[in-house]
Amino acid sequence: MSTTRYEVAQQVRGQEGATCAHLDQVRSVAPNSLDGCQDCLKSGGTWVHLRVCLSCGHVGCCDNSPSRHATGHWQGARHAVIRSFEPGEEWGWCYEDQLFLLPRT
């Protein structure tokens, strides 16, 4: 499995010249669930969009979802970097640095 390398999206206003101190946490991980948010599946909850942790593969729901499990995973595990787990989307986010990330070209 190849690891997509990420970088700060410099074209986003306010991020010009910014660096992310957590890109070293990105690993080659397989998603822990292909069926949806791991925590919502256990609790019977619902989700809007999915995010995958790039440190361990945890699949959690986004902040527009009622339970916000991806953010909860970051708060508990301190794994700062996630990416969208939606089809056709590759963008990432660093919770700690509050930075939008894109695959390195």
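Visitor: How far apart are the mean positions of the positive and negative charges of the chain?

Guide: They are 3 Å apart, taken over 9 positive and 11 negative charges. Keep in mind that this is a predicted model.

Visitor: OK. What helices and strands does the chain have, and in which pattern?

Guide: The chain has 2 helices and 6 strands. Going along the sequence, the pattern reads β-α-β-β-α-β-β-β.

Visitor: What does the radius of gyration say about the chain?

Guide: The chain has a radius of gyration of 13 Å. A compact globule of 105 residues would have a value near 13 Å, so the chain agrees with that. The C-alpha trace spans about 40 × 30 × 25 Å along its principal axes.

Visitor: And what share of the residues is buried?

Guide: Buried residues are 41% of the 105 in the chain. As for the surface, the chain exposes about 6,000 Å², and carbon and sulfur atoms supply 48% of that.

Visitor: What share of the contacts comes from residues 24 or more positions apart?

Guide: Among contacts with a separation of 6 or more, 52% are between residues 24 or more positions apart.

Visitor: Let's go inside. Which residues of the largest nonpolar core touch the most other members?

Guide: The core has 20 residues, and those with the most other members in touch are Cys20, Leu54, Val81, Cys94 and Leu101. Two or more residues each come from strand E1 (6-8), E2, E3, H2, strand E4 (81-84) and strand E6 (99-103).

Visitor: Take Val81. What does valine 81 touch, leaving out residues up to four places away in sequence?

Guide: Valine 81 touches His22, Gln25, Val26, Val52, Cys53, Leu54, Ser55, Trp93, Cys94 and Leu101. Cys94 and Leu101 are, like Val81, among the core residues that touch the most other members.

Visitor: His22 is on that list. Where is histidine 22 found, and is it buried or exposed?

Guide: Histidine 22 sits in the loop between E1 and H1. Its relative accessible area is 15%, so it counts as buried, the cut-off being under 20%. Apart from residues up to four places away in sequence, histidine 22 touches Ala80, Val81, Cys94, Glu96 and Asp97.

Visitor: Now the helices. Which residues of H2 are buried?

Guide: H2 covers residues 69-77, and its buried residues are His69, Ala70, Thr71, His73 and Trp74.

Visitor: What do they pack against?

Guide: The buried residues of H2 pack against helix H1 (38-43), strand E2 (50-53) and strand E3 (59-61).

Visitor: What about His73 in particular: which residues does histidine 73 touch?

Guide: Histidine 73 touches Cys53, Cys56, His58, Arg78 and His79, with residues up to four places away in sequence not counted. Its relative accessible area is 14%.

Visitor: And H1? Is leucine 41 buried, partly exposed or exposed?

Guide: Leucine 41, which lies in helix H1, is partly exposed, with a relative accessible area of 44%. Beyond its neighbours within four places in sequence, leucine 41 is in contact with Ser33, Asp35, Gly36 and Trp47. From leucine 41 to glycine 60 is 10.0 Å, C-alpha to C-alpha, with their positions 19 residues apart in sequence.

Visitor: Changing topic: what phi does arginine 78 take?

Guide: Arginine 78, just after H2, has a positive phi of about 65 degrees. Most residues other than glycine have a negative phi.

Visitor: Which phi does arginine 68 have, then?

Guide: Arginine 68 has a positive phi as well, near 50 degrees. Arginine 68 is in the loop between E3 and H2 and is partly exposed at 40% relative accessible area.

Visitor: And glutamine 98: what is its phi, and where is its place?

Guide: Glutamine 98 has a positive phi of about 55 degrees. Its place is the loop between strand E5 (92-94) and E6. Glutamine 98 is partly exposed, with a relative accessible area of 49%.

Visitor: Last one. Is proline 87 buried or exposed?

Guide: Proline 87 has 76% relative accessibility, so it counts as exposed. The cut-off for exposed is over 50%. Proline 87 is in the loop between E4 and E5.

Visitor: How far is proline 87 from leucine 50 in space?

Guide: The two are 9.9 Å apart, C-alpha to C-alpha, and 37 residues apart in sequence.

Note on methods. Residues are numbered from 1 along each chain as its sequence is written. This is a predicted model: local features need pLDDT of at least 70, side-chain atom pairs count only at pLDDT 80 or more; totals for chains, interfaces and linings use all residues. Side-chain values use heavy atoms; hydrogens and water are left out. Helices (H or I, at least four residues) and strands (E, at least two) are DSSP runs, numbered from the N terminus. The radius of gyration is taken over C-alpha atoms; the globule rule is 2.2 Å times the number of residues to the power 0.38. Buried means under 20% relative accessible area, exposed over 50%, partly exposed in between (1.4 Å probe, protein chains only). Contact means heavy atoms within 4.5 Å. Accessible areas come from the Shrake-Rupley method with a 1.4 Å probe; for residues, only the protein chains shown count as cover. Lys and Arg count as positive and Asp and Glu as negative; His and the chain ends are not counted. The place of a charge is taken as NZ of Lys, CZ of Arg, CG of Asp or CD of Glu. A nonpolar core is a set of buried Ala, Val, Leu, Ile, Met, Phe, Trp, Tyr and Cys residues joined through side-chain atoms within 4.5 Å.
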